[in-house]
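User: I am new to this structure and would like a close look at one part of it. Please take the main nonpolar core and the elements around it, and then say what lies elsewhere.

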Amino acid sequence: MSSTRILILGTLLDGPLHGYEVRRRLELWGASQWANVAFGSIYHGLAKMAEEGLLTVVEQGKGGKTVYELTADGRLEFQRGLLTSWWEVQPIVDPFQVALTFMNRLAPADLVVAMEARAEQLRAAISMTERAMGGKQAFGAPRHVDECLRLNAAQLTAQLAWVSEAIGRVKDGELP
């Protein structure tokens, strides 16, 4: 089950919402940072899950806004997906690893410049993520959403440590 599907079902656990409210809640939680949510897919996902019987339409479109509510099957699907996400370790898909695969195709000087630029971007992303922690509750996000940000910051920090160490190895001729 996709992360987006679990997130959509999960946002509806506390009651009916229309698509914009689902999207707004996910944006508040920072889901684009840690769940790779394509916000445009929310509306399609809501309609598809309604067709599958996981949601019901409780109000059809004042101003085009359709309000959805979880069905009993939708709650079961959410629980199944949630537990699966806890119990199964999935590979973290990161396009950066594709770049690593072909690092030998760059001249060492270009590789060092690229790695240094990546390190700078990682520092900025870590700083931005750390600033967001705690601030989301002021707008209604649950306290535990910070754990998603904390994990994201830890992953960025680990990548920064690797890049910083690898720059030295490229300069020393050990890589690629």
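Analyst: What follows starts with the core, moves to the helix and loop beside it, and ends with other parts of the chain.

The model is predicted. Its largest nonpolar core has 23 residues. Leu 12, Leu 26, Ile 42 and Leu 55 are the residues with the most contacts inside this core. At least two core residues come from each of helix 1 (3-11), helix 2 (19-29), helix 4 and strand 3 (65-70). Helix 1 gives the largest share, 4 residues.

Leu 12 shows how the core is joined up. Leaving aside neighbours within four places in sequence, Leu 12 is in contact with Leu 17, Val 22, Leu 46, Leu 55, Tyr 68 and Leu 70. Apart from this core lies another one, of 15 residues, with Val 112, Leu 122, Leu 160 and Val 170 among them.

Helix 2 is the next element to consider. Which residues are buried in helix 2? They are Gly 19, Val 22, Leu 26 and Trp 29. Viewed down the helix axis, the buried residues of helix 2 fall within an arc of 95 degrees, so they line one face of the helix. These buried residues pack against helix 1, strand 1 (17-18), helix 3 (31-34), helix 4, strand 3 and helix 8. Val 22 is thus a buried residue of helix 2 and also a contact of Leu 12. Just after helix 2 comes Gly 30, with a positive phi of about 80 degrees.

Helix 4 spans residues 41-51 and contains Gly 45. Gly 45 has a relative accessibility of 13% and counts as buried, because the cut-off for buried is under 20%. Between the C-alpha atoms of Gly 45 and Gly 10 the separation is 13 Å, and these two residues are 35 residues apart along the chain.

After strand 3 comes a loop that leads to helix 5 (72-87), and Thr 71 is found in this loop. Is Thr 71 buried or exposed? Thr 71 is buried, with a relative accessible area of 16%. The Thr 71 side chain reaches two backbone oxygens: that of Gly 53 at 2.7 Å and that of Leu 54 at 3.0 Å. Not counting residues up to four places away in sequence, Thr 71 touches Gly 53, Leu 54, Leu 55 and Thr 56. One of these, Leu 55, is among the core residues with the most contacts.

Elsewhere, the structure holds 1 aromatic pair. Phe 96 and Trp 162 form this pair, which is edge-to-face, with 6.2 Å centre to centre and 75 degrees between the planes. Phe 96 is in helix 6 (residues 96-101) and Trp 162 is in helix 8 (residues 145-171), so the pair ties together parts that are 66 residues apart in sequence. Phe 96 is buried, at a relative accessible area of 15%, whereas Trp 162 is partly exposed, at 29%. Arg 118 also lies over the face of Phe 96, at 3.6 Å from the ring centre.

The last residue described here is Phe 139, in the loop between helix 7 (108-132) and helix 8. Phe 139 has a relative accessibility of 64% and counts as exposed, because the cut-off for exposed is over 50%. The C-alpha atoms of Phe 139 and Leu 9 are separated by 21 Å, and the two residues are 130 residues apart along the chain.

Key
Residues are numbered from 1 along each chain as its sequence is written. This is a predicted model: local features need pLDDT of at least 70, side-chain atom pairs count only at pLDDT 80 or more; totals for chains, interfaces and linings use all residues. Side-chain values use heavy atoms; hydrogens and water are left out. Buried means under 20% relative accessible area, exposed over 50%, partly exposed in between (1.4 Å probe, protein chains only). A nonpolar core is a set of buried Ala, Val, Leu, Ile, Met, Phe, Trp, Tyr and Cys residues joined through side-chain atoms within 4.5 Å. Contact means heavy atoms within 4.5 Å. Rings of Phe, Tyr and Trp (its six-membered ring) pair if their centres lie within 6.5 Å; planes under 30 degrees apart count as stacked, over 60 as edge-to-face and the rest as tilted. A charge sits over a ring if NZ of Lys or CZ of Arg is within 6 Å of the ring centre and within 35 degrees of the ring normal. The arc is that of the directions from the helix axis to the C-beta atoms. A polar contact is a pair of N or O atoms within 3.5 Å; within protein, one must be able to donate a hydrogen and the other to accept it, and residues adjacent in sequence count only if both atoms are side-chain atoms.
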